[in-house]
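User: Could you take me through one part of this model in close detail? Start at a single residue and work outward from there, please.

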Amino acid sequence: MDHKKKATIYDIAKELNISSGTVYRALNNKGRFSKKTQQMVLETAERLNYSTNQTAQALRRNPVTVGVILCCPVPQFLKEIEQGIRSGFAEMEAYNVYPDIRVFSGYNAEQLPEEISCALNDFETNGYSSVILFLSGQTNKFMNKLNDLGEKGVNIVTLVNDIPCKNRLFNVAADGYSAGALAAEFLGLCCPKGKIAILTGNKSTYIHEKNISGFIATAKDSSVSEVDVYEHNDEPALVSLLLKKIFHGEKSYDGVYIATASTITAYPFLKKLSPDNTPKIVTTDLFKENLKLLEMRIAKASIFQAPYKQGKEAVKKLYKHMTNESVAEHVTIPPILVLRSNMYSFKKGDAD
């Protein structure tokens with residue numbers, strides 16, 4: 001711990017391996033906690049040179065509501081993001097910070113322009129000073145509205161898909177470039193001099209572009225001989241058609257990188273493959289479908305992006321900004337290469 005840096009409640013909580021809510025109650029002598037816990041908190045606060053943040057005190061006196069819009073065509077991925085966000089706000093209740101969450105599951109943002117615009121208008125009407133957005137797909141339809149909110153001083157935080165609007169404070173996302181690089185290096189080892197197919201959503205979307213650029217840059221330094229990119233734009237029927245083309249088409253591939261959560265859509269097709277199948281398959285994240293493919297040895301690896309943690313980090317970093325602490329413009333969550341041997345190690349431990 002760098003004592004020159006101003007310590008926070010989170011630093012004390014991390015030091016003692018307890019929740020930030022417990023630290024808050026002990027410091028402010030409110031709620032339930034043991035005398036022993038309070039003593040440890042006070043001693044640690046003094047050792048770390050913790051001082052009360054006056055802005056945080058003001059927040060506790062005046063309740064704040066943050067508007068949240070979550071829109072994604074993959075319900076399982078969206079659910080984990082939402083759970084992380086709700087967990088983050090649960091810890092913020094001690095500071096009178098609450099969410100107004102609007103969830104649009106099963107759609108890309110451009111498919112629901114009226115619903116999302118209505119939610120943004122509600123947030124503006126209610127005078128919310130901060131908004132968290134996870135808008136999958138194309139966001140051009142909302143740029144004017146978001147720029148207008150930014151000009152009025154509304155703090156905008158984006159998740160997964162970065163939106164370069166005015167007053168966008170920061171974006172929280174998996175390190176897509178590193179995820180792509182991991183997949184390329186692994187498939188380079190599995191498929192020396194091989195031809196690789198990448199199945200992605202829309203290669204112009206922020207996170208997908210990072211996946212592809214990381215993969216291609218690393219493939220140049222590995223033994224991969226050729227890379228083809230196939231876009232499905234989150235259309236289930238197109239996912240099926242592209243899978244047939246990749247696995248049974250005229251061109252023969254040695255490896256496949258499924259760079260999005262579309263493994264869920266692809267699962268009925270993939271589960272029928274032989275465990276000894278060629279090409280070798282790398283999927284993304286650890287939903288039940290990914291785990292089953294790893295168990296059956298159909299997928300050789302998966303790139304875990306910790307969506308729960310992404311959601312929780314967005315809330316924690318926004319609160320830091322609210323209390324006048326600096327936050328990096330891009331908050332990246334490092335991906336993890338998961339194999340069959342360690343696939344159950346990350347689902348419970350990705351929260352903090």
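Analyst: Let's start with Glu 93, which comes out partly exposed in this predicted model. The relative accessible area of Glu 93 is 47%, and the partly exposed class runs between the 20% and 50% cut-offs. Glu 93 sits in the loop that connects α5 to β2 (97-105). As for distant parts of the chain, Thr 8 is 85 residues away from Glu 93 in sequence, with 17 Å between the two C-alpha atoms.

Now for the empty space in this part of the model. The second largest cavity has a volume of about 30 Å³, and the total is two cavities of 30 Å³ or more. Its walls are made by Phe 89, Met 92, Val 97, Val 315, Leu 318, Tyr 319 and Met 322. Both α5 (75-92) and α13 (307-322) put at least two residues into that lining, and α13 gives the largest share, with four. By class, the lining comes to seven nonpolar residues, with no polar and no charged ones.

Follow α13 onward and you get to Asn 324, in the loop between α13 and β11. Here the backbone does something worth a look: phi is near 65°, a positive value in a residue that isn't glycine. Asn 324 counts as exposed because its relative accessibility is 61%, and the cut-off for that class is over 50%.

Past that loop comes the strand β11 (residues 330-333), which pairs with β5 in the parallel sense over four bridges. One spot to find on screen is Ala 174, which stands opposite Ile 333 of β11. β5 also has β4 (residues 155-159) as a partner, again running parallel and joined by four bridges. In that pairing, Ile 156 has Arg 168 of β5 as its bridge partner. β5 itself is mostly covered, with seven of its seven residues buried.

β5 also takes you to the second largest pocket, where β5 (168-174) and α9 (206-220) each supply at least two lining residues. The largest share here is three residues, and it comes from α9. That pocket holds about 340 Å³ of space. Its lining runs to 26 residues, and those nearest the centre are Ser 136, Ile 207, His 208, Asp 234 and Thr 260. Chemically this lining is a mix: eleven nonpolar, 13 polar and two charged residues.

While you're around Asp 234, have a look at Asn 233. Asn 233 is another non-glycine residue with a positive phi, about 50°, and it belongs to the loop between β7 (226-231) and α10 (236-248). Its relative accessible area is 32%, so Asn 233 is partly exposed.

One last stop, for a helix with two distinct sides: α3 (residues 35-47). Its 13 residues should span 18 Å at 1.5 Å a residue, and the end C-alpha atoms are indeed 18 Å apart, which agrees. Looking down the axis, the buried residues fall within an arc of 135°, so they line one face of α3. Those buried residues are Thr 37, Gln 38, Val 41, Thr 44 and Ala 45. On the face turned away from them you'll find the exposed Lys 35, Lys 36 and Glu 46.

Note on methods:
Residues are numbered from 1 along each chain as its sequence is written. This is a predicted model: local features need pLDDT of at least 70, side-chain atom pairs count only at pLDDT 80 or more; totals for chains, interfaces and linings use all residues. Side-chain values use heavy atoms; hydrogens and water are left out. On a 1 Å grid over the protein atoms alone, a cavity is a set of points where a 1.4 Å probe fits but cannot get out, and a pocket is an open set with protein on both sides within 12 Å along at least five of seven lines; lining residues have an atom within 4 Å of a point. Grid points are joined across faces, edges and corners, and a volume is the space filled by probe spheres set on the points. Ala, Val, Leu, Ile, Met, Phe, Trp, Tyr, Cys and Pro count as nonpolar, Asp, Glu, Lys and Arg as charged, and the others, Gly among them, as polar. Buried means under 20% relative accessible area, exposed over 50%, partly exposed in between (1.4 Å probe, protein chains only). Two strands pair if DSSP finds at least two bridges between them. The expected span of a helix is 1.5 Å times one less than its number of residues. The arc is that of the directions from the helix axis to the C-beta atoms.
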